[in-house]
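Hi,

Here's the structure I promised to pass on. Have a look, and my notes are right below.

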Amino acid sequence: MTANENMTTTDYDVVVAGAGPVGLFLGCELGLGGARVLVVERLTEVDETIKAGAVNVPSAVAFYRRGLLPEMAAVWEAALERMRAFRKEGGEGDRPRMPPKFAGHFAGIMMDPELFDGSDPLWAEVGPAAEAGLGVPQAELERILARRAAQLGIEVRRGVELTGFTADADGDADGVTVHIRDRESGPEEIRAGWLVGCDGGRSTVRKLAGFDFPGTDPEITGYQAVVEMAGTERLGAGWNTTDVGTYVHGPFPGRILSVEFDGPPADRSAPVTAEELQASLRRVSGVPEVSITKVVTATRFTDNARQVTDYRRGRVLLAGDAAHVHSPFGGQGLNLGIGDAMNLGWKLAAVVRGRAPEALLDTYTAERHPLGAWVLDWTRAQIALMRPDRHARALRKVVTDMALTTTGTTYLVTQISGVWQRYDLPGDHPLTGRSAPDLELADGTRLGEHLHTGRALLLDLADDSELRARAAGYGERLDVLTVACPGRPDLAALFVRPDGFVAWTAGGHEDGKALPEVLERWLGAPADAAQPAA
């Protein structure tokens with residue numbers, strides 16, 4: 001082997017730094033696309049620290065399209081059953097009441113589910129994911145995704161920290177040399193074609209690669225924890241706003257959250273102590289007798305809101321909190337990261353397999369950056385309403401009055417849910433750029449069930465042989481399904497990308513002449529159907 005051949009040899013197509021939900025889901029998506037993947041994670045075990053648990057509609061739909069929804073729904077139902085049993089048995093003195101239905105909140109202003117009007121067309125044909133109501137703890141989500149990664153043969157190495165990398169200059173040897181340190185075996189070098197940082201808000205990959213990370217500085221210190229405590233009789237249940245800040249008690253025993261507008265903490269990485277939590281809760285709640293006797297799990301957070309200007313620098317990409325950070329209010333961060341992974345995975349896999357040009361990766365930033373920017377502003381707006389000054393409190397009263405109307409509740413729930421999300425794709429049809437409707441098909445299946453493989457789907461609803469002929473040459477890159485859809489006679493065909501978004505639609509009186517161009521844009525050129533004989 002020559003020196004140049006040795007330089008171009010790679011151990012993996014992609015190294016993913018970080019085995020949280022985003023990194024694991026991205027690893028699974030890359031594996032479905034045929035890429036050789038290594039996921040490395042600094043921690044040796046799943047992090048049990050209390051974190052995000054709200055799964056919005058796009059994330060639930062993504063999991064549904066990969067066959068993961070039943071397992072996640074089972075986890076959520078088990079959690080609800082434990083809470084029901086706790087209440088039935090009488091529980092402990094600090095238990096708050098949880099409403100029978102939950103529609104979300106905006107800056108702690110709770111939505112009344114009875115005011116929600118689900119007739120908005122955006123909610124039509126979402127499918128089973130719309131009813132999932134998932135609140136899956138992040139640690140459980142990681143376990144589910146780790147099991148899926150193992151099923152797909154994805155290599156996940158825990159106790160392995162990324163310490164650096166060297167990206168090659170342009171040329172035949174394009175790739176990345178990744179430097180890692182295994183807690184057991186020590187330093188290693190790994191050759192990969194690409195590196196993706198899914199290593200959180202304080203991303204090593206982002207810092208070393210030199211991504212621009214503009215945004216707004218934090219003004220709060222927040223805590224979220226599960227504790228054992230006493231003297232809670234005067235604590236309000238749920239979200240409470242005071243002259244000092246905001247605190248939450250519930251919805252399950254021992255869960256607390258407190259927010260103070262006193263600037264960021266001096267050291268976010270320092271362990272959160274019972275004394276620190278107790279002092280904050282007493283200050284915000286005005287209940288001096290509350291005492292915290294044990295910390296089960298706790299985390300400290302701020303409202304630092306930043307986003308990289310581009311999600312890619314050469315052979316290095318970012319996803320999840322590595323690309324964007326913000327306050328946790330509304331539970332948008334986890335969902336934003338899952339959307340990043342769903343969008344990036346199939347594209348990067350197509351590039352590393354040589355099926356699509358690198359230009360396809362330009363659509364990753366183009367499609368995901370606007371949604372990230374929206375989330376940052378959505379969380380900033382909530383911080384503005386939670387401030388303890390008189391102007392913010394006056395504005396909060398106005399927004400609360402608006403929220404407690406059918407129109408206001410429907411708007412806020414729809415925004416929180418994410419069903420409005422779309423990408424700016426070429427085409428005039430209302431479905432183009434949107435998540436595909438989960439059509440009920442004549443064979444008894446639903447559209448989402450045909451996306452489990454991670455391949456693109458051409459749905460021929462009019463039994464059009466010419467249309468199918470135009471899609472020839474894509475082999476395993478494209479599944480073609482001919483089936484009727486009685487409920488949507490206005491649709492003749494849909495091209496659905498591997499991530500479940502509609503990239504082309506044909507109505508009843510349109511032909512498919514534009515289809516080949518669309519397919520080549522997203523799937524690369526078709527194979528030559530007339531290969532010369534050997």
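**The small stuff I found**

In this predicted model there's an open three-stranded sheet, ordered β9-β15-β18 and paired antiparallel (strands are DSSP E runs of at least two residues, helices H or I runs of at least four, both numbered from the N terminus; strands pair if DSSP finds at least two bridges between them). β9 (215-216) and β18 (324-325) sit at the edges with a single partner strand each, so one side of each has no neighbour in the sheet. Strand β15 (residues 305-307) is joined to β18 by 2 bridges, and Arg-306 stands opposite Val-325 in β18.

Next, helix α3 (residues 57-65): it's largely enclosed by the rest of the structure, because 8 of its 9 residues are buried (under 20% relative accessible area; exposed is over 50%, partly exposed in between, with a 1.4 Å probe and protein chains only). Among the buried ones are Phe-63, Tyr-64 and Arg-65. At the start of α3, a side-chain oxygen of Asn-56 comes to within 3.1 Å of the backbone nitrogen of Ser-59. After α3 comes Gly-67, with a positive phi near 80°.

Last one: Val-398 is in helix α10 (residues 390-403) and counts as partly exposed at 45% relative accessibility.

On the numbers: it's a predicted model, with local features needing pLDDT of at least 70 and side-chain atom pairs 80 or more, while totals for chains, interfaces and linings use all residues. Residues are numbered from 1 along each chain as its sequence is written, and side-chain values use heavy atoms, leaving out hydrogens and water.

Cheers

Definitions and conventions. Polar contact = N/O pair within 3.5 Å; in protein donor to acceptor, adjacent residues only side chain to side chain.
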